[in-house]
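Got the viewer open and the side chains switched on? Let's take a walk through this one, stop by stop.

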Amino acid sequence: MFAKRFKHHGQVQVSRYLRPFHSGDIVDIVADSGEQKGMPHKYYQGRTGVVYGVFPRAVGVIIYKTVGNRKIEKRVNLRIEHVRHSKCRDDFLNRVKTNASAKRAAKERGEHIDLKRQPAQPRNGHTISTEDNLPVTLAPQPYDTYI
């Protein structure tokens with residue numbers, strides 16, 4: 001579970017320490033086995049949470065843990081090596097930007113635009129005829145060992 005990827009063993013990259021974290025950031029918890037201090041419990045591996053505090057060597061992350069039939073807010077303090085910014089909101093933020101530019105362009109043209117997402121529609125139906133498309137009978141080919 002905590003093993004590093006192939007050819008990624010060894011010390012933690014220096015760039016990992018240079019990432020800025022702020023309160024309210026959405027982060028993924030992925031333990032780095034190159035640093036054992038501040039490592040999360042295995043339950044939190046792969047979970048996504050929100051940063052509530054930034055400390056000199058660590059960040060505090062709020063996670064909601066399911067216990068029985070309720071969700072409990074857990075505050076977990078983790079070293080920076082075990083936390084990375086989540087990409088779960090990238091699609092949403094890109095959609096907001098494209099919708100804003102589409103609204104602006106439609107307003108300049110003086111028309112109304114509907115930006116609601118549509119679920120995947122079923123494929124269009126079509127009819128296949130055999131008039132110009134005769135069926136082909138396939139036969140097995142004999143095995144040939146010559147190259």
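Select Asp28 and everything touching it. Skipping residues up to four places away in sequence, Asp28 touches Arg47, Thr48, His82, Val83, Arg84, His85, Ser86 and Lys87, where a contact means heavy atoms within 4.5 Å. Asp28 itself sits in strand S1, residues 26–29. (Strands are DSSP runs of E with at least two residues, helices are runs of H or I with at least four, and both are numbered from the N terminus.)

Before going on, a word on ground rules. This is a predicted model, in which local features need pLDDT of at least 70 and side-chain atom pairs count only at pLDDT 80 or more, while totals for chains, interfaces and linings use all residues. Residues are numbered from 1 along each chain as its sequence is written, and side-chain values use heavy atoms, with hydrogens and water left out.

Stay on Asp28 and look for a partner of opposite charge. How far away is the nearest side chain of opposite charge? That side chain is Arg84, at 6.6 Å, and Asp28 is buried yet has no salt bridge. Two terms to pin down there. Buried means under 20% relative accessible area, exposed means over 50%, and partly exposed is in between, with a 1.4 Å probe and protein chains only. A salt bridge is a side-chain nitrogen of Lys or Arg within 4 Å of a carboxyl oxygen of Asp or Glu. For charge, Lys and Arg count as positive and Asp and Glu as negative, with His and the chain ends not counted.

What the Asp28 side chain does have is a polar contact with the side chain of Ser86, at 3.2 Å. (A polar contact is a pair of N or O atoms within 3.5 Å; within protein, one must be able to donate a hydrogen and the other to accept it, and residues adjacent in sequence count only if both atoms are side-chain atoms.)

Next, click His85, one of the residues that Asp28 touches. His85 belongs to strand S5, residues 83–85, and counts as partly exposed because its relative accessible area is 32%. Leaving out neighbours within four places in sequence, its contacts are Arg19, Pro20, Phe21, Asp25, Ile26, Val27 and Asp28. Zoom in on Pro20: the His85 side chain reaches the backbone oxygen of that residue at 2.9 Å. If you want a ruler check, the C-alpha atoms of His85 and His22 are 11 Å apart, with their positions 63 residues apart along the chain.

Now for the salt bridges. How many are there by this rule? The count comes to five. Start with Asp32 and Arg16, whose side chains meet at 3.3 Å, N to O. This pair links distant parts of the chain, 16 residues apart: Asp32 is in the loop between S1 and strand S2 (48–54), and Arg16 is in the segment before S1. Are these two residues buried or exposed? Asp32 counts as buried because its relative accessibility is 7%, and Arg16 is buried too, at 11%. Add Lys4 to the selection and you have a network of salt bridges linking Lys4, Arg16 and Asp32.

Two other pairs to pick out:

- Glu73 and Arg75 meet in a salt bridge at 3.3 Å, N to O. Glu73 is partly exposed at 39% relative accessibility, and Arg75 is partly exposed at 49%.
- Glu111 and Arg109 meet in a salt bridge at 2.9 Å, N to O. Glu111 is partly exposed at 45%, while Arg109 is exposed at 53%.

Finish in the segment before S1. Select Lys7, which lies there and is exposed at 69% relative accessibility. Check its backbone: phi is positive, about 65°, although Lys7 is not a glycine. For context, most residues other than glycine have a negative phi.

Move on to Gln11, also in the segment before S1 and exposed at 71%. Draw a line from Gln11 to Thr127: the two are 116 residues apart in sequence and 62 Å apart in space, C-alpha to C-alpha.

Last stop, Val14, again in the segment before S1 and exposed at 62%. Show the surface and add Tyr17 and Leu18: with Val14 they form a nonpolar patch, with about 350 Å² of accessible area together. (Patches take residues with over 30% relative accessible area and no salt bridge, joining like charges within 9 Å and nonpolar side chains, namely Val, Leu, Ile, Met, Phe, Trp and Tyr, within 5 Å; accessible areas come from the Shrake-Rupley method with a 1.4 Å probe, and for residues only the protein chains shown count as cover.)
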